[in-house]
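Please open the model in your viewer, with the sequence panel beside it, and keep the selection tool at hand. The tour below goes from stop to stop, saying at each one what to select and what is there.

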Amino acid sequence: MNLTLHVWRQKGPNAPGKLETYDAHNVSPDQSFLEMLDEVNEGLIRKGVEPIAFDHDCREGICGMCSQVINGVPHGGQDRTTVCQLHMRSFKDGDNIFIEPWRATAFPIVKDLVVDRGNLDVIIQAGGYTSCHTGGIADGNALLIPKPEADYAMDAAECIGCGACVAGCPNGSAMLFTSAKVAQLAVLPQGKAEAAARVNNMTEALKDCGFGNCTNHYECQASCPKGINVKFIAKLNREYLKAIAS
Amino acid sequence: MILDGKCPTGPIEKTWDKHRFDLKLVNPANKRKYKVIVVGTGLAGGAAAASLGELGYQVEAFCYQDSPRRAHSIAAQGGRNAAKNYPNDGDSIYRLFYDTIKGGDFRAREADVWRLAQVSNNIIDQCVAQGVPFARDYAGYLDNRSFGGAQVSRTFYARGQTGQQLLLGAYSALARQIKAGTVKMFPRTEMLDLIVVDGEAKGITIRDLVTGEVRAHVADAVVLCTGGYVNVFYLSTNAMGCSVTAAWKAHKKGAFFANPCYTQIHPTCIPQSGDHQSKLTLMSESLRNDGRCWAPKKQGDNRKPGDIPEEDRDYYLERKYPSFGNLAPRDIASRAAKEQCDDNRGVGPGGRGVYLDFAASIKRLGEHTIRERYGNLFEMYEKITDENAYKQPMRIYPAPHYSMGGLWVDYNCMSNIPGLFVLGEANFSVHGANRLGASALMQGLADGYFVIPYTIGGYLAQTKPGAVSVDHAECKRSVEEVNGNIKKLFSIKGKKTVSELYRALGKVMWENVGMARSDASLKTALKEIPKLRDEFWNNVNVSGEGGDFNQQLENAGRLADFLEFAELLSKDALHREESCGGHFRVEHQMPDGEAQRDDVNFCYAAAWESKGVGNEPELHKEPLKFENVHLAIRSYK
């Protein structure tokens, strides 16, 4: 199939950006979206045009590096799918495709489709851990964790930290990302000791980093390639209230 | 030179404890005077940086990704081994040790493997404390499953995302230390040289991948945790950014490279669909708990899998290896799959595939159970192939996955360059010629949490902190050299793109140095690789001017190193006139096609010393002694 791409090009964080149009010829339906872009880049290099910069690494949907808004939707809108796992069979011949970077105040653009998501690390550094030391730990089975709680924690822990929730949110909020970590550790016995400090510190960091607040649009859940549920935001709110009350 | 791994002697059960006691210590007040550089933030690097920071050392950690959470350890699916014996099925530290030595086809050091088996249990406890949501049963106890090469269930898992969860555990420990100020993190940086002063590793030269700045960082010790090199085949299950670059730069500065020909070709990956393909995707080994491998009995059988009756199917692993069946180790399962396809009984495009069939398990356990165990893998399979594996068998084919070879290290995980430590997949130490499933995560975390925190002290206690500053002549020379290389890449302005040349290298490597290697194929590779290298340095086109974010430049630099490394890998494969584990020389096989080792002549680790590009490397041997597990023909029948 043949496609017309409209791709956001921007030389650096402070340079003006704009959409450039490129043709993608003879695209195979079995190609992944990023493989299609690889081909386009090969063509650009041969023409002496600087190739499109985009983040990617594992190309199997787990590292969270790839980050593109396709036709207005983070990761392209296929259910539970990252850009790298999106395949060209979901497009048709003659399609116009708009490709843009994550857009959020807290994610400054580095170049073209590449953004700086360092603020997500800052949120985790504020408290997204248990303060256990290396070594001197009791046997793993000394702590019984019923299956439903282990499953709940795992559902939250599936977050790959790609930032699609932020890109999808009209407020540029990282509430789903933050809540997934808060909820995972709040439900597990090993995370309970620090639960109050954690939710306070992480939500404080969220504000400081320039992320917006949550006003229940649920766009985050719709954008999430791992299907992280907004129920974790409710859990974060409960944890937050508990922390205030305690 | 005969190399010495400096392994402790005496009864194997006491070796690690005795060695820990013998190691010199750095007192808590002095620790903060020492600076340690950790390169790579996967399981080994993340765990090491976090643990060393917590001990009080000043740590600087580097990764090429935009966050330490994205290292490729994250993609490991199936699980992590530990000798807990929770299922009461006869496991023990000794059995895990034995299985790993045997699984590695008797080409690993006994003492290193013992230590790995011993600390395996601590790692599970550590990860649980971090909040890693391992699978649990309804009573709340940790659940286990089975992996290849073992007859016990010792694999702990978190759905099909075990690597992700363990890495996020290490990443959270690292985040805590970054917050505490003990670790300074440098994401989006790539190590492009090792700085060696008076024979000791004292720093690295990096390129800031955002600004393009090249600069030196100095420290009292350098820890490389930079993963493996199977992207030398172009198509592999590794992430796009995985490369040999950091290890290769260290090699060129004097570090020995051991057993580069030991590469693991994983049996269950999604077959290639076309020339456009940029990487291959693994389907976890855990699937072989419930999936049965088969190929049609008749050659060229084009019927749909569902139309092929039982009597026309060859469940070749169950037939050939009745006692391990579908859980035969990876090297053996891969070769068996290739054998079926070479016999014109393969399925799918080009006949390069076999079936992994879940029908029997779905019938026995119900689709719900299979979905709960492997749902995310089936989903991934469907996204890539557009086929529903609940309704029809998966098609799979072997693909490059892991490298058992790596930089040579002694028992302390220190290379032959004092002060340069190498952990995880980047070193050569514990997997011999074949790694067992669920052992990579175990090794990365063992090295990072429970080995380096002790052994690095033994080295630092004997060095003066802060001996070298960034103004040192060696640092300046290194920065100039790296800048010179970058300038050279830009100046070529040739006609071929980096990926065209990369694909060409991959083709040479896969066809000649892949699953089956012969004297003739290896000599072909050794003729083709220098030609490609010349073409690269005369005709590559690296766009842009440098100075900022430039992915073509990054790829060009990594390919330049692979073009040198590929030659060493092929030379090692040519010199090793035996078959063992993942290294299969067609000249050396048993009458039934199994690998034939030559313990008289090759029971050693081959550590190569660089003599400059284009010159013959020098071989150093470290003899391997087996005092606990006796050398025997490895059988899974």
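What follows is a walk through a predicted model, beginning with one chain, crossing to the other and ending inside the second chain.

**Stop 1: chain A as a whole**

Select chain A and display its C-alpha trace, which spans about 60 × 35 × 35 Å along its principal axes. Coloured by secondary structure, chain A shows nine helices and seven strands. Of its 246 residues, 54% count as buried, and among the contacts in chain A with a separation of 6 or more, 72% are made by residues 24 or more positions apart.

**Stop 2: the sheet of chain A**

Next, select the five strands that form an open sheet in chain A, with mixed pairing and the order β2-β1-β5-β3-β4. Why is one side of β2 (17-24) and of β4 (73-74) in chain A left without a neighbour in the sheet? Each of these two strands stands at an edge and has a single partner strand, so nothing in the sheet flanks its other side.

Now narrow the selection to β1 (residues 3-10) and β5 (residues 96-100) of chain A, which pair in the parallel sense over four bridges; here L5(A) stands opposite I97(A) of β5(A). Then add β3 (residues 69-70) of chain A, whose pairing with β5(A) is antiparallel and runs over two bridges. At this pairing, V69(A) stands opposite E100(A), while I70(A) has I99(A) as its bridge partner.

**Stop 3: where the chains touch**

Bring chain B into view and select the contact between the chains, to which chain B gives 64 residues and chain A gives 62. On the side of chain B that touches chain A, the elements that give two or more residues are α3 (43-55), α5 (110-130), α6 (162-180), α11 (367-385), α12 (440-460) and α16 (551-575) of chain B. The largest share of this side, nine residues, comes from α6(B). By class, the residues on the chain B side divide into 24 nonpolar, 26 polar and 14 charged.

For a closer view, select α6(B) together with α2 (residues 118-125) of chain A; these helices pack at an angle of about 85 degrees, with their axes 8 Å apart. α2(A) and α6(B) are therefore roughly perpendicular to each other. Which residues meet here, in α2(A) and in α6(B)? From α2(A) come D121(A), I124(A) and Q125(A), and from α6(B) come S172(B), A175(B), I178(B) and K179(B). By class, this contact has three nonpolar, two polar and two charged residues.

**Stop 4: a helix pair within chain B**

Hide chain A and select α5(B) and α12(B), which pack at an angle of about 85 degrees with their axes 9 Å apart. That angle makes α5(B) roughly perpendicular to α12(B). On the α5(B) side, show R115(B), L116(B), V119(B), S120(B), N122(B), I123(B) and Q126(B), which meet M442(B), Q443(B), L445(B), A446(B), Y449(B), F450(B) and V451(B) of α12(B). The residues of this contact divide into nine nonpolar, four polar and one charged.

**Stop 5: a sheet of chain B and the helix across it**

Now select the four strands of chain B that form an open sheet in the order β16-β10-β18-β19, with antiparallel pairing. β16 (406-407) and β19 (618-623) of chain B stand at the edges, and each has a single partner strand, so one side of each lacks a neighbour in the sheet. Within the sheet, β10 (residues 257-258) and β18 (residues 604-609) of chain B pair in the antiparallel sense over two bridges, and A258(B) stands opposite A607(B) of β18(B). Adding α16(B) to the selection shows a helix that lies across β10, β18 and β19 of chain B, running at about 145 degrees to β18(B).

**Stop 6: a covered helix**

Finally, select α9 (residues 330-342) of chain B, a helix of 13 residues that reaches 18 Å from its first C-alpha to its last, close to the 18 Å expected at 1.5 Å a residue. Is α9(B) mostly covered or mostly open? The helix is mostly covered, with eleven of its 13 residues buried, including R330(B), D331(B), R335(B) and K338(B). To see what surrounds them, show β11 (263-269), β12 (292-296), α8 (316-320), β14 (354-357) and β15 (394-403) of chain B, against which the buried residues of α9(B) pack. Just after α9(B), N344(B) takes a positive phi of about 60 degrees.

Key:
Residues are numbered from 1 along each chain as its sequence is written. Chains are lettered from A and ligands numbered from 1 in the order in which they are written. This is a predicted model: local features need pLDDT of at least 70, side-chain atom pairs count only at pLDDT 80 or more; totals for chains, interfaces and linings use all residues. Two strands pair if DSSP finds at least two bridges between them. Two residues are in contact if their C-beta atoms, placed from the backbone, lie within 7 Å. Ala, Val, Leu, Ile, Met, Phe, Trp, Tyr, Cys and Pro count as nonpolar, Asp, Glu, Lys and Arg as charged, and the others, Gly among them, as polar. Axes are lines fitted to C-alpha atoms, for helices over the stretch in contact, and angles run from 0 to 180 degrees between N-to-C directions. Angles under 35 degrees count as roughly parallel, over 145 as roughly antiparallel, 65 to 115 as roughly perpendicular and the rest as oblique. The expected span of a helix is 1.5 Å times one less than its number of residues. A residue is buried if 20 or more other C-beta atoms lie within 10 Å of its own, exposed if 12 or fewer, and partly exposed in between; C-beta atoms are placed from the backbone.
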